[in-house]
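Student: I'd like to take one part of this model apart properly, ring by ring. Could you set the scene first and then zoom in?

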Amino acid sequence: MQSAMFLAVQHDCVPMDKSAGNGPKVEEKREKMKRTLLKDWKTRLSYFLQNSSTPGKPKTGKKSKQQTFIKPSPEEALLWAEAFDELLASKYGLAAFRAFLKSEFCEENIEFWLACEDFKKTKSPQKLSSKARKIYTDFIEKEAPKEINIDFQTKTLIAQNIQEATSGCFTTAQKRVYSLMENNSYPRFLESEFYQDLCKKPQIATEPHAT
């Protein structure tokens with residue numbers, strides 16, 4: 001996982017000019033950026049561990065606007081590896097996966113998928129039309145703030161469909177983004193240190209036998 005994060009850092013860094021004579025300084029800056037990125041990644045993911053109650057023991061007290069996620073048991077977490085849908089069906093799993101995608105700078109994929117899920121549940125024609133336009137401007141149109149990676153033909157089709165919005169406007173694009181996450185980000189999430197920790201069963205301390 002750390003190697004994947006380092007590649008992300010390298011991608012954004014300016015190539016080192018060996019002839020400039022400032023190699024050590026550039027290398028030091030690169031390492032600092034790497035440490036900062038890894039720290040941010042771990043902070044985002046560990047948030048869900050620190051702010052979750054244990055299974056069967058939901059937090060009590062005054063209601064807070066901040067959502068509390070119940071930490072899954074190792075058995076529940078292991079189910080996420082059986083199918084991508086199992087992960088998305090879990091509130092904790094979905095939240096953790098979103099944080100993971102943020103660490104990989106591709107959170108627009110899950111945000112688009114969730115927006116489409118909400119869109120398909122919309123019944124009012126007026127709301128359907130306004131939501132369709134918002135999804136298009138947020139994720140589809142050229143240089144959108146959260147532009148997703150889909151082909152030009154699909155984008156053109158969506159632009160035509162939202163003129164008379166229906167619940168199936170974004171079906172093709174949503175399937176493509178789902179497939180992208182399932183085949184790329186999902187396997188990396190399952191290999192992450194955060195997920196592996198969730199799957200570990202707590203060790204039961206045993207007293208040493210008297211000799």
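How many helices and how many strands does the secondary structure of the chain come to? And for the close look: which residues form the one aromatic cluster?

Tutor: Quick housekeeping first. This is a predicted model, where local features need pLDDT of at least 70 and side-chain atom pairs count only at pLDDT 80 or more, while totals for chains, interfaces and linings use all residues. Residues are numbered from 1 along each chain as its sequence is written, and side-chain values use heavy atoms, with hydrogens and water left out.

Now the scene. The chain has ten helices and two strands, taken as DSSP runs numbered from the N terminus (H or I of at least four residues for a helix, E of at least two for a strand). In sequence order the pattern reads α-α-β-β-α-α-α-α-α-α-α-α, with the two strands sitting after the second helix. Of the 211 residues, 35% are buried, meaning under 20% relative accessible area with a 1.4 Å probe and protein chains only (exposed is over 50%, partly exposed in between). Taking contacts (heavy atoms within 4.5 Å) with a separation of 6 or more, 57% of them join residues 24 or more positions apart.

Over to your cluster. Trp80, Phe84, Tyr92, Phe97, Phe100, Tyr178, Tyr186, Phe189 and Tyr195 form it. Ring pairs are the currency here: centres within 6.5 Å for Phe, Tyr and Trp (its six-membered ring), with planes under 30 degrees apart called stacked, over 60 edge-to-face and the rest tilted.

The structure holds eleven such aromatic pairs. Take Phe84 and Tyr186: their centres are 5.0 Å apart and the planes make 45 degrees, a tilted pair. This pair bridges distant stretches of the chain, since Phe84 belongs to helix H4 (residues 84-89) and Tyr186 to helix H9 (residues 171-191), 102 residues apart. Both Phe84 and Tyr186 are buried. Next come Phe100 and Phe189, whose centres are 5.6 Å apart with planes at 70 degrees, so this pair is edge-to-face. Here too distant parts of the chain are linked: Phe100 sits in helix H5 (residues 91-103), Phe189 in helix H9, and their positions lie 89 residues apart. Phe100 and Phe189 are both buried as well. So, on the plane angles, the Phe100 and Phe189 rings make an edge-to-face pair, whereas Phe84 and Tyr186 are tilted. Helix H9 has a ring in each of these two pairs, Tyr186 and Phe189.

The cluster has a small-side-chain neighbour to look at too. Ala77, in helix H3 (residues 74-79), touches Tyr195, a contact listed with Pro72, Leu198 and Cys199 once neighbours within four places in sequence are left aside. Tyr195 is one of the cluster members. Ala77 counts as buried because its relative accessibility is 0%. The C-alpha atoms of Ala77 and Gln196 are 9.1 Å apart, although 119 residues separate the two in sequence.

For another buried site, try Asp138 in helix H7 (residues 125-140). Asp138 counts as buried because its relative accessibility is 18%. Beyond residues up to four places away in sequence, Asp138 is in contact with Ala144, Pro145, Lys146 and Glu147.
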